[in-house]
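Grab a pencil and work through a few short exercises on the protein shown here. Try each one yourself before reading the solution.

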Amino acid sequence: MLDLTGLISLYDIALAPSLVAKRAGLERSDHRVLGISSEDISRMMRRLTEVISRPDPVGSGIDWKTLIHVIVNRYADRLELMQHLLDFTSSDSRELLQRAKLAQAQLRVMLTPYLLHSIVVPDPGSSGVETSQWAYPIFRQCATTHTPEMMSSMTSSEHLLLKAIQETTREICRVTTKMWAEGVVRGLDTLFKVELDRDPEIARLMDDWREDTQKLMSWLDWSVWFKCRPACGPEVGS
């Protein structure tokens, strides 16, 4: 069983800052250790020595593997479905509106556990009210649910994992909450009585959503999305 309490990562910029520039602009599959500085090698070796010579057991007892899988399993398929729903163009405004409503429904599914009854959607025509203001409590609930107050006995590796999980969930929640709130104020969500927006606005919204989803999925770069499209048959070897 992999002991994540002693994780050493070359993506840790505190340990290997020289590799940041080396992997800039490259696909994850092209990332290499080639080019790491001698100072970073020494720092990594000192850290490795500390990990393998530490007393046993150590750490908080948090099941990091399960926590990470929970987040990936919660969002991977849903984001992929969003990508599919938004990969759509049509000159028929009714078809476009129907697809936008389907995408809005999917966004609400992702955020349903975090929706608060106290949320009040502002009038789209009201001045001085930004989407981020009224939707912020939903974003905050979404971004912190999986990482409540953690134990103080975490190792440095666990702190690195916690930071990665927090930043990942924060970005997922930021993008999905933003997209959902934009759909709400344009009248696409059946939970709120908001006048439906004009057709040109819906088309632009779909374009924005498509770009937001693609950027988020590219940033996450989860291995679960590396697969044949269309899928290979059951008798096709890997």
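The exercises below start with the overall fold and then move to details; keep in mind that this is a predicted model.

**Exercise 1. Describe the overall make-up of the protein.**

Solution. Begin by counting elements: there are seven helices and zero strands. Reading from the N terminus, the order is therefore simply α-α-α-α-α-α-α. Next, look at the extent: the C-alpha trace spans about 65 × 45 × 35 Å along its principal axes. Last, check burial: 37% of the 238 residues count as buried.

**Exercise 2. Work out whether the end-to-end span of helix α4 fits its number of residues.**

Solution. Helix α4 covers residues 93-111, which makes 19 residues. The expected span is 1.5 Å times one less than that number, and this comes to 27 Å. From first C-alpha to last, the model also gives 27 Å, so the span is close to what is expected.

Now look at the start of α4. There, a side-chain oxygen of Asp92 comes to within 2.8 Å of the backbone nitrogen of Arg94.

Then pick out buried residues of α4: among them are Leu96, Leu97, Arg99, Ala100 and Ala103. Arg99 shows up again elsewhere: its charged end sits over the ring of Phe88, 4.3 Å from the ring centre. Another arginine, Arg74, has its charged end over the ring of Tyr75, 5.3 Å from the centre.

**Exercise 3. Classify the aromatic pair made by Tyr136 and Phe139, and say where the two residues sit.**

Solution. Step one is the geometry. A pair of rings is described by the distance of the centres and the angle of the planes. For Tyr136 and Phe139 these are 5.8 Å and 45 degrees. Stacked needs under 30 degrees and edge-to-face over 60, so this pair is tilted. It's one of three aromatic pairs in the structure.

Step two is position. Both residues belong to helix α5 (residues 131-144), three residues apart, so about one helical turn separates them.

Step three is exposure. Tyr136 has a relative accessible area of 41%, which makes it partly exposed. Phe139, at 17%, falls under the 20% cut-off and so counts as buried.

**Exercise 4. Which helix gives the most to the lining of the largest pocket?**

Solution. First, the pocket itself: its volume is about 1,700 Å³. It is lined by 38 residues, and those closest to its centre are Tyr11, Arg28, Ala164, Thr168 and Leu220. Next, the helices: α3 (64-86), α6 (156-185) and α7 (199-220) each supply at least two lining residues. The top contributor is α6, with nine residues.

Methods. Residues are numbered from 1 along each chain as its sequence is written. This is a predicted model: local features need pLDDT of at least 70, side-chain atom pairs count only at pLDDT 80 or more; totals for chains, interfaces and linings use all residues. Side-chain values use heavy atoms; hydrogens and water are left out. Rings of Phe, Tyr and Trp (its six-membered ring) pair if their centres lie within 6.5 Å; planes under 30 degrees apart count as stacked, over 60 as edge-to-face and the rest as tilted. Helices (H or I, at least four residues) and strands (E, at least two) are DSSP runs, numbered from the N terminus. Buried means under 20% relative accessible area, exposed over 50%, partly exposed in between (1.4 Å probe, protein chains only). A charge sits over a ring if NZ of Lys or CZ of Arg is within 6 Å of the ring centre and within 35 degrees of the ring normal. A polar contact is a pair of N or O atoms within 3.5 Å; within protein, one must be able to donate a hydrogen and the other to accept it, and residues adjacent in sequence count only if both atoms are side-chain atoms. On a 1 Å grid over the protein atoms alone, a cavity is a set of points where a 1.4 Å probe fits but cannot get out, and a pocket is an open set with protein on both sides within 12 Å along at least five of seven lines; lining residues have an atom within 4 Å of a point. Grid points are joined across faces, edges and corners, and a volume is the space filled by probe spheres set on the points.
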